[in-house]
Structures are given as C-alpha cells and as structure tokens.
Amino acid sequence: MFGDMAERAPRAGEHLTPNQLDKQSQIVRAAIDVLTSQGLEGCTARGVAANGPLTKSAIHYYFADMDDLVDRAMAGHVAGFEATLKEAGDDPDPVLAFWDTVDCHLDSFRERPSVAHLWFEYWISAARKGRQDAIAGVMDRVRGVFAERLRAAGAADPEEAARALLVHLLGAVVELSVDAGAQSRILDDAARLTGVARPRLRSDVAG
C-alpha cells in the first residue's frame with residue numbers, strides 16, 4: 001500500500017468519471033512502457049510518473065496498490081501481444097494461419113529477449129504474492145488464440161491441444177535463448193503435440 005493520501009483512491013467498483021477513467025488509462029499506458037523497457041523492477045510509482053504525463057501523487061490516488069497497476073499494465077501488454085498473434089495468422093488456409101501464429105509467438109520472444117524476461121519476472125512475482133488469477137488471465141488470452149487457430153485447423157481437441165502447445169512454447173522460449181537454431185525442432189514437437197502437420201516455414205530457413 002502507498003500509505004495515507006490527502007484524497008482517497010477510488011474504491012473497487014466505484015463509478016469513475018470519463019476524465020478519471022482517461023487519467024487511469026494514461027497511467028496504465030505509461031506503466032506498460034516502463035514494463036517493456038525497464039522490466040518489473042523499474043515499474044514503480046516514481047518510474048511510471050517519470051514516463052507519463054501524471055504525477056506520482058496521481059498514481060497513488062488512482063492505484064492504492066502498485067500490484068494492481070502492474071496487473072493492469074501487464075494485461076495491456078498481453079492484449080497487444082494477442083493482437084499481434086491474431087494479425088500474424090491471417091492466411092486464408094487455416095493450417096498455414098495456425099503455423100504462422102506459432103512462428104510469430106516464437107519470433108516475438110527470440111527477437112526481443114527482454115519480453116521473455118518480463119513475462120517470467122511477472123509470473124514469479126505474482127505467484128509469490130498469491131496473485132494466480134492475474135497469471136491465469138495472461139495465459140488464457142494467449143491460449144485462446146491458439147485454441148481458435150487449432151479449431152479452424154481441424155485439431156481433435158483444440159482446447160487441450162492449445163494448453164499443451166502453450167506449455168511447450170514457454171519452455172521453448174528458454175531453449176531458444178541458449179540455442180537459436182532450435183526453432184525447427186521446436187516446431188516439429190509442436191506438430192506432434194497438436195496433431196497438425198506443419199508446412200515448411202521461413203523459420204526453417206532462418207533457423
């Protein structure tokens with residue numbers, strides 16, 4: 001908690017004016033920028049204020065607990081990642097769309113290692129604080145994209161296949177950090193997990 005304030009922070013569920021909602025959104029956007037550039041450690045009230053249009057006092061007013069702000073910012077970051085995955089899988093062939101989405105997921109972490117660091121830092125921190133619901137929300141958004149793609153590609157059990165695939169891809173992030181040439185093998189394993197045969201992708205050449 002941030003301590004006593006001259007003005008109390010809005011209570012959970014309390015109606016906010018459009019102006020207040022806009023200020024909250026500005027704070028969240030600034031926190032997303034801090035998370036992606038400085039990681040979890042840099043996402044303090046002072047750090048967010050330094051990267052946004054509002055003061056540290058305003059952040060204290062709108063977010064009585066910094067964990068709430070971090071959760072909101074991480075959710076916003078993941079929403080952007082979700083949109084990127086959906087854009088990647090726009091091929092009219094549902095099988096190609098699925099594999100383009102998988103490829104995009106791996107490339108996102110391989111090309112920006114700081115994103116992988118952020119996700120793992122967040123999961124560890126949230127788990128230690130008993131905030132499993134926040135972690136589940138992050139996982140569900142990405143898993144949902146894969147389930148949708150797998151359903152269209154004809155997977156026998158798209159929900160279970162998406163769950164297994166996401167667990168596999170999270171481990172693959174670590175493997176790619178030490179073996180950049182592992183992507184083709186990782187994709188072969190993903191094909192066995194999901195039952196969706198994969199075509200030759202650009203990553204086969206790049207890897």
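The expected span of a helix is 1.5 Å times one less than its number of residues. Keep that rule in mind, because it tells us which helices here run to their expected span. What you see is a predicted model.

Take α7. It has 22 residues. From first C-alpha to last it reaches 31 Å, close to the 32 Å expected. Now α8, with 21 residues. It should span 30 Å, and its end C-alpha atoms are 30 Å apart, so the two values agree.

Now α1, residues 18-42. A straight helix of 25 residues would span 36 Å. α1 spans only 29 Å between its end C-alpha atoms. Where does α1 bend? At Thr 36, by about 90°.

Let me step back to the whole chain. There are ten helices and zero strands. From the N terminus on, every element in the run is α. Of the 207 residues, 46% are buried. Take the contacts between residues at least 6 apart in sequence: 64% of them join residues at least 24 apart.

Back to α1 and its buried residues. Among them are Gln 20, Gln 24 and Gln 26. Ile 27, Val 28, Ala 30 and Ala 31 are buried as well. So are Val 34 and Leu 35, then Gly 39, Leu 40 and Gly 42. What covers them? The cover includes α2 (45-50), α3 (56-62), α4 (66-88) and α6 (113-128).

Next, one residue in α4. Met 74 sits in that helix. Is Met 74 buried or exposed? Buried: its relative accessible area is 0%, and the cut-off for buried is under 20%. Leave out residues up to four places away in sequence, and Met 74 touches Leu 35, Leu 118, Trp 119, Tyr 122 and Val 138. Leu 35 is one of the buried residues of α1. Val 138 is one of the buried residues of α7. Met 74 and Ala 134 are 60 residues apart in sequence, yet their C-alpha atoms are 9.0 Å apart in space.

Met 74 also belongs to a helix pair, α4 with α6. Their axes come within 12 Å and cross at roughly 140°. That angle makes α4 and α6 oblique to each other. The crossing is left-handed. On the α4 side we have Val 70, Asp 71, Met 74, His 77, Val 78 and Phe 81. They meet Val 115, Leu 118, Trp 119 and Tyr 122 of α6. An α-helix has 3.6 residues a turn, so residues three or four places apart point the same way.

On to α5, residues 94-111. I will show two partners. First, α8. α5 and α8 pack at an angle of about 40°, with axes 9 Å apart. That makes α5 oblique to α8. α5 passes α8 in a right-handed crossing. From α5, the contact uses Phe 98, Val 102, His 105, Leu 106 and Phe 109. From α8 come Leu 165, Leu 166, Leu 169, Ala 172, Val 173 and Leu 176. Those six are among the buried residues of α8. Cover for the buried residues of α8 includes α5, α6, α7 and α9.

Second partner: α9, residues 183-194. Here the axes of α5 and α9 come within 12 Å and cross at roughly 135°. This pair is therefore oblique too. The crossing of α5 past α9 is right-handed. Phe 98, Trp 99, Val 102, Asp 103, Leu 106, Asp 107 and Arg 110 of α5 take part. They meet Gln 183, Ile 186, Leu 187, Ala 190, Ala 191 and Thr 194 of α9. Phe 98, Val 102 and Leu 106 therefore appear in both lists, for α8 and for α9.

Last stop: the end of α7. The buried residues of this helix include Ile 135, Met 139, Val 142, Phe 146, Arg 149 and Leu 150. Their cover includes α4, α5, α6, α8 and α9. Just after α7 comes Gly 154, with a positive phi of about 90°. Gly 154 lies in the loop between α7 (132-153) and α8 (158-178). Gly 154 is exposed, with a relative accessible area of 58%. Which residue of α9 can we pair with Gly 154? Thr 194: the two are 40 residues apart along the chain, and their C-alpha atoms are separated by 9.9 Å.

Note on methods. Residues numbered from 1 in each chain as written. Predicted model: local features only at pLDDT ≥ 70, side-chain atom pairs only at ≥ 80, totals over all residues. Heavy atoms only, no water. Helix = DSSP H or I, 4+ residues; strand = E, 2+ residues; numbered from the N terminus. Bend = angle between axes of the 7 residues up to and from the residue. Buried < 20%, exposed > 50% of the residue type's maximum accessible area, 1.4 Å probe, protein only. Contact = heavy atoms within 4.5 Å. Axes fitted to C-alpha atoms, helices over the stretch in contact; angles between N-to-C directions. Parallel < 35°, antiparallel > 145°, perpendicular 65-115°, else oblique. Left-handed = near helix turned anticlockwise from the far one by under 90°.
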